[in-house]
Amino acid sequence: MKIVIVGAGEVGTFLSWTLSNEGHDVTVIESNLERATAIDEEHNVKVIQGNGSSAGVLKKAGVDSCDCFLAMTRDDKTNLIASSLAKVLGARLVVTRNHDQTYQDNSLVNYRLHFGIDVMINPEGLSAVELAKTIRNPARVAVENFARGQIEAQRVRVDKSAKWRGRSLRDIRLPQDIRIGFIRRGEQEDVPHADTVLEEGDIVTIFGPPHDVSRIRGKFDPHSEASTARVVILGGGETAVALIRLLSSSRFRIRIIEKNADKCQRLAEAFPHVTIIRGDGTKLRLMEEEQVGDADYFVASTGDDENNIMAGIQAAKLGANHVQVVLNKSDYEEMLNHLRSTLGIESLVSPRLVTLNEVQRYLSKEPYIELFQFPRQQVRILEIGVKNDSPAAGKALREIAWPQGSVAVALLHKYSVKVPGADDQILGGDRVVVIAREDTVPKLLRLLGHA
């Protein structure tokens with residue numbers, strides 16, 4: 001594919017290097033002469049030194065014929081202008097990096113639609129989704145960035161005392177925003193239908209908004225009610241803010257350690273339920289005073305990798321149960337991956353890597369994006385675009401003859417995400433997330449317009 005990237009910072013450079021090595025034809029636009037020279041010397045990509053929000057420079061880079069345009073600078077306004085111009089000039093797919101939450105608010109203006117953006121990515125937000133998965137539910141099915149983190153899949157075993165044991169899915173009448181998408185019974189695995197009866201020992205995968213999924217687990221196993229989790233976050237930047245929003249449940253007791261007074265003030269005003277501690281979280285004395293060793297989760301998410309690493313090691317030494325570290329650069333990644341267990345660091349999250357994973361989904365030549373494949377490879381979770389002339393377009397879910405062995409678990413409609421109800425209409429241009437048996441995938445593709 002022909003790919004044009006604006007911005008050769010940490011994220012843009014990593015994307016250009018990786019995508020070029022995968023065989024894509026990559027052109028990078030960078031305004032800073034030093035950065036442009038460095039990437040030209042070190043990577044097998046075409047480099048243009050210039051303003052990425054200039055139509056002339058974009059035309060010179062071949063945006064008019066590119067398959068994918070990636071605006072990856074750290075400046076939101078530059079990215080928005082560059083993306084809008086790229087779309088007008090003819091870029092097929094436009095992916096834009098953004099930081100300001102303003103551009104995610106569609107209540108007055110749909111910014112993506114206005115600027116011609118197909119996908120909006122926030123590396124820090126994607127990192128927060130990765131961090132939140134384990135914290136929200138350690139026993140979850142590991143579905144990466146499922147429906148942009150707004151829909152979660154959790155796994156629960158049906159207990160003998162369960163209220164819904166011995167009842168069919170038709171009789172249970174699940175809440176509208178909840179789906180049972182997958183059941184494992186002994187060695188058998190399948191996508192359930194309305195007449196499937198829940199039995200003791202079944203392992204059920206539930207799909208829905210994170211808070212609602214956690215709330216309904218008790219109906220399957222009364223003993224699985226989640227206990228309160230103590231979370232300490234080092235740093236009050238974008239990743240921390242996104243993580244707080246993802247942990248918006250009363251069962252999380254969150255403390256933020258941040259040394260910048262202005263950030264502390266803003267965090268306290270935005271999140272009155274969160275305890276804000278002003279201080280240097282890398283200092284052993286402060287960590288001891290704030291009882292970091294008693295935390296269930298310690299997340300080091302400052303913009304300084306050295307501080308994150310040292311604080312994470314110290315938190316593990318003090319006794320924190322789970323330690324997560326955000327790595328913004330590549331310098332220590334390989335070494336830390338080898339030493340994680342020795343240092344007591346449970347997981348490393350890289351904004352560069354989560355952004356790459358998100359971008360790669362949209363570079364597939366298939367008419368769908370594969371979000372997850374279950375271990376035995378019998379069931380897959382796919383995000384499929386709906387063609388305007390497809391048999392399903394313009395119909396409500398109840399009117400669509402879904403292949404047996406498939407369940408629609410999320411509807412991405414005009415940049416919003418929801419678990420669709422029977423009366424929700426699917427329109428051309430929407431994207432549907434479906435959990436399906438392998439043998440039903442060809443039927444699903446035909447149903448949604450991909451002959």
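Student: Starting point: two strands count as paired if DSSP finds at least two bridges between them. With that settled, which residue stands opposite T275 in strand 13?

Tutor: R255 does. Bear in mind that the model is predicted. R255 belongs to strand 12, residues 252–258, which pairs with strand 13 in the parallel sense over four bridges.

Student: What sheet are those strands in, and what is its order?

Tutor: An open sheet of six strands, ordered 13-12-11-14-15-16, with parallel pairing. Strand 13 (275–278) and strand 16 (347–349) are the edge strands, and each of them pairs on one side only. Neighbouring strands are turned by 20 degrees against each other on average, with direction ignored.

Student: Which strands does helix 12 lie across?

Tutor: Helix 12, residues 305–318, lies across strand 11 (229–234), strand 14 (297–300) and strand 15 (322–326). Relative to strand 15 the helix runs at about 175 degrees.

Student: Back to strand 12. Is F252 buried or exposed?

Tutor: F252 sits in strand 12. Its relative accessibility is 7%, so F252 counts as buried, the cut-off being under 20%.

Student: What does F252 touch?

Tutor: Leaving out residues up to four places away in sequence, F252 touches I135, R136, A229, V231 and L247. I135 and R136 are also among the helix 6 residues that contact helix 9.

Student: And how far is F252 from V274?

Tutor: The C-alpha to C-alpha separation is 9.4 Å in space, and the two residues are 22 apart in sequence.

Student: You mentioned helix 6 and helix 9. At what angle do they pack?

Tutor: About 45 degrees, with the axes 8 Å apart. Helix 6 covers residues 123–136 and helix 9 covers residues 238–246. Angles under 35 degrees count as roughly parallel and 65 to 115 as roughly perpendicular, so this pair is oblique. Helix 6 passes helix 9 in a right-handed crossing.

Student: Which residues make the contact?

Tutor: From helix 6: E124, G125, S127, A128, V129, L131, A132, I135 and R136. From helix 9: E238, T239, A242, L243 and L246. By class, the contact has eight nonpolar, three polar and three charged residues.

Student: Why does a contact list on a helix skip along like that?

Tutor: An α-helix has 3.6 residues a turn, so residues three or four places apart point the same way.

Student: Which residues of helix 9 are buried?

Tutor: T239, A240, V241, A242, L243 and I244. The buried residues of helix 9 pack against helix 6, helix 10 (261–270), and strands 11, 12, 14 and 15.

Student: E124 is charged and in that contact list. Is E124 buried or exposed?

Tutor: E124, which lies in helix 6, has a relative accessible area of 9%, so E124 is buried. Residues up to four places away in sequence aside, E124 touches R74, R97, H99, E238 and T239.

Student: What about helix 6 and helix 14, at what angle do they pack?

Tutor: At about 95 degrees, with the axes 8 Å apart; helix 14 is residues 351–361. That angle falls between 65 and 115, so helix 6 and helix 14 are roughly perpendicular. The contact uses P123, L126, S127 and E130 of helix 6, and P351, V354, T355 and E358 of helix 14. These divide into four nonpolar, two polar and two charged residues.

Student: New topic: what is the strand order in the four-stranded open sheet?

Tutor: The order is 7-10-8-9, with antiparallel pairing. Strand 7 (152–157) and strand 9 (188–190) each have a single partner strand, so each has one side without a neighbour in the sheet. The twist averages 20 degrees from one strand to the next.

Student: How many bridges join strand 8 to strand 9?

Tutor: Three; strand 8 is residues 179–185, and the two run antiparallel. R185 stands opposite Q188 in strand 9.

Student: Last one. How many residues of strand 23 are buried?

Tutor: Five of the seven in residues 431–437, so strand 23 is largely enclosed by the rest of the structure. Strand 18 (residues 379–385) pairs with strand 23 in the antiparallel sense over seven bridges, and E383 stands opposite V433 there. Strand 20 (residues 406–413) is also antiparallel to strand 23, joined by six bridges. L412 has R431 as its bridge partner in strand 23.

Technical notes. Residues numbered from 1 in each chain as written. Predicted model: local features only at pLDDT ≥ 70, side-chain atom pairs only at ≥ 80, totals over all residues. Heavy atoms only, no water. Axes fitted to C-alpha atoms, helices over the stretch in contact; angles between N-to-C directions. Contact = heavy atoms within 4.5 Å. Parallel < 35°, antiparallel > 145°, perpendicular 65-115°, else oblique. Left-handed = near helix turned anticlockwise from the far one by under 90°. Nonpolar A, V, L, I, M, F, W, Y, C, P; charged D, E, K, R; others polar. Buried < 20%, exposed > 50% of the residue type's maximum accessible area, 1.4 Å probe, protein only.
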